[in-house]
Amino acid sequence: MPLPGDRTLTIRLIGPADVDGVERLYARLDDDSRYRRFFSLHRPDRDFFERVVAVEARGGAGIVAAVTPRRGGRARLVGEASYEPLASGNGELEITVDAGWRGWLGPYLLDALVEVAASRGVPALEADILMTNGPMLALVRSRGYAVMPGQDWTVLRVSIGTETRSPSWPSLRRGLRVLVEGPSGRWSGQEAASELGIDVLGCPGPTVNGRCPVLAGRPCPLAAAADAIVIAHPPDSEAWQTLRSAHAELHPGIPVCVVLDARSAAPMGDERVFRPEGRLDVVRFVERLARAHADGVGDEDEDEDEDEDEVEDAGASGVRVGRDDGEGGDEHAERRRTRGGGRRTAAKPP
Ligand SMILES: CC(C)(COP(=O)(O)OP(=O)(O)OC[C@H]1O[C@@H](n2cnc3c(N)ncnc32)[C@H](O)[C@@H]1OP(=O)(O)O)[C@@H](O)C(=O)NCCC(=O)NCCS
């Protein structure tokens, strides 16, 4: 790519000969950038850079952005991005752009790395991002990302898809899959669910995620492949209402539980409704719904019977299913009253 001042910008794969250039790029980082990259003011030693440029040998990939004067001379590296292979088949992403080249190079480099990852069969790239790292958060937001479970609320672990350009579940399925939709992409039951062996992914929803397919009338790959969907504290906005009302049509048969608070819009369609308290019970209830879905896909009758037991069990263990206006009443009676409406109307509020 030609640049003003008789210079050329080249994006190419990283290699051992780049070790000095990458070291110089990192040496130019100010404290703020260094902290965002390493979560400390760490100054890496030579071994670190030798590892960075040898990422291919470990099954990962890296690229650099090099600026070269047209009349020759030494190339200057102004950006670097790479991924290390993870056991899940995904890649661990890192990216660094020289301060003087920010404003467009970060997204450009990320897209180039995503293409390399896709061409090598890596379905998603994951990264830990400090909640204070505005540019990096904006970068992944514009691509569409899923939130992965994490216990540190100052750090967001995200996953971005490579092939579909929207986030996807890891190709290796460990167990049940629960998608959490909520403005933060997080759910207080996440840790308990993970302890039960459930894979949880979060989506910050249509107002944050730049590429929400549901708003465009298309199924969401995360929702379509989930065993249950939890909508946690949805704001009362048009985009969220569109998302909630679209699930039944775009992702039929996937049970939807919604945790409502005072600011949320009223329950919609076949949503099962919870109040925020009693977290562990909600998690267990969601687990049973998800298991029934995973076991019973394609067998509606069996699923329906299982479902009834689940609601009874959940009620017995204290989960509140009903309206969120303090008039929830007896969820067992409610369950029986609406029983005729089919499997997904079981716990539907009046
Ligand atoms: C993260 C990084 C690679 C992004 O590259 P970049 O070239 O700066 O990217 P941009 O300037 O296009 O910024 C990306 C987005 O952040 C937005 N942005 C810029 N500064 C911002 C700020 N202070 N707060 C919020 N958003 C900001 C931009 O508007 C842009 O959003 P848009 O695409 O919707 O317009 C680069 O800033 C960097 O190297 N940072 C230091 C190392 C680092 O943090 N690495 C990531 C570790 S996880």
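Which helices and strands each supply at least two residues of the shell around the ligand?

1. The elements asked about are helix 2 (31–38), strand 5 (91–97), helix 4, strand 6 (124–130) and helix 5, each of which supplies at least two residues of the shell around the ligand. The reader should keep in mind throughout that this is a predicted model.

2. As to the shell itself, there are 21 residues around the ligand, and those that come nearest are Arg36, Arg102, Gly106, Gly134 and Ala138. Helix 5 gives the most to this shell, with 6 residues. Sorted by class, the residues of the shell around the ligand comprise 11 that are nonpolar, 7 that are polar and 3 that are charged.

3. Two of the elements that supply the shell, helix 4 and helix 5, also deserve a look as a pair. Helix 4 covers residues 105–119 and helix 5 covers residues 134–143, and their axes come within 11 Å and cross at roughly 50°. Because of that angle, helix 4 is oblique to helix 5, and the crossing of the two helices is right-handed.

4. The contact between these two helices is made by Gly106, Pro107 and Leu110 on the side of helix 4, and by Pro135, Leu139 and Ser142 on the side of helix 5. In this contact of helix 4 with helix 5 there are 4 nonpolar and 2 polar residues, and no charged ones. Gly106, listed here for helix 4, is also among the residues that come nearest to the ligand.

5. A second pair of packed helices is formed by helix 1 (residues 19–27) and helix 3 (residues 46–53), which pack at an angle of about 120° with their axes 9 Å apart. Helix 1 is therefore oblique to helix 3, and the crossing of helix 1 and helix 3 is right-handed.

6. On helix 1 the contact with helix 3 is made by Val19, Val22 and Glu23, while helix 3 brings Phe49, Glu50, Val52 and Val53 to it. The residues of this contact of helix 1 with helix 3 divide into 5 nonpolar and 2 charged, with no polar residue.

7. For the protein as a whole, there are 11 helices and 13 strands. Of its 350 residues, 42% are buried. Finally, among the contacts in the protein with a separation of 6 or more, 64% are accounted for by residues 24 or more positions apart.

Note on methods
Residues numbered from 1 in each chain as written. Predicted model: local features only at pLDDT ≥ 70, side-chain atom pairs only at ≥ 80, totals over all residues. Axes fitted to C-alpha atoms, helices over the stretch in contact; angles between N-to-C directions. Helix = DSSP H or I, 4+ residues; strand = E, 2+ residues; numbered from the N terminus. Parallel < 35°, antiparallel > 145°, perpendicular 65-115°, else oblique. Left-handed = near helix turned anticlockwise from the far one by under 90°. Contact = placed C-beta atoms within 7 Å. Nonpolar A, V, L, I, M, F, W, Y, C, P; charged D, E, K, R; others polar. Near = placed C-beta within 6 Å. Buried ≥ 20, exposed ≤ 12 C-beta atoms within 10 Å, placed from the backbone.
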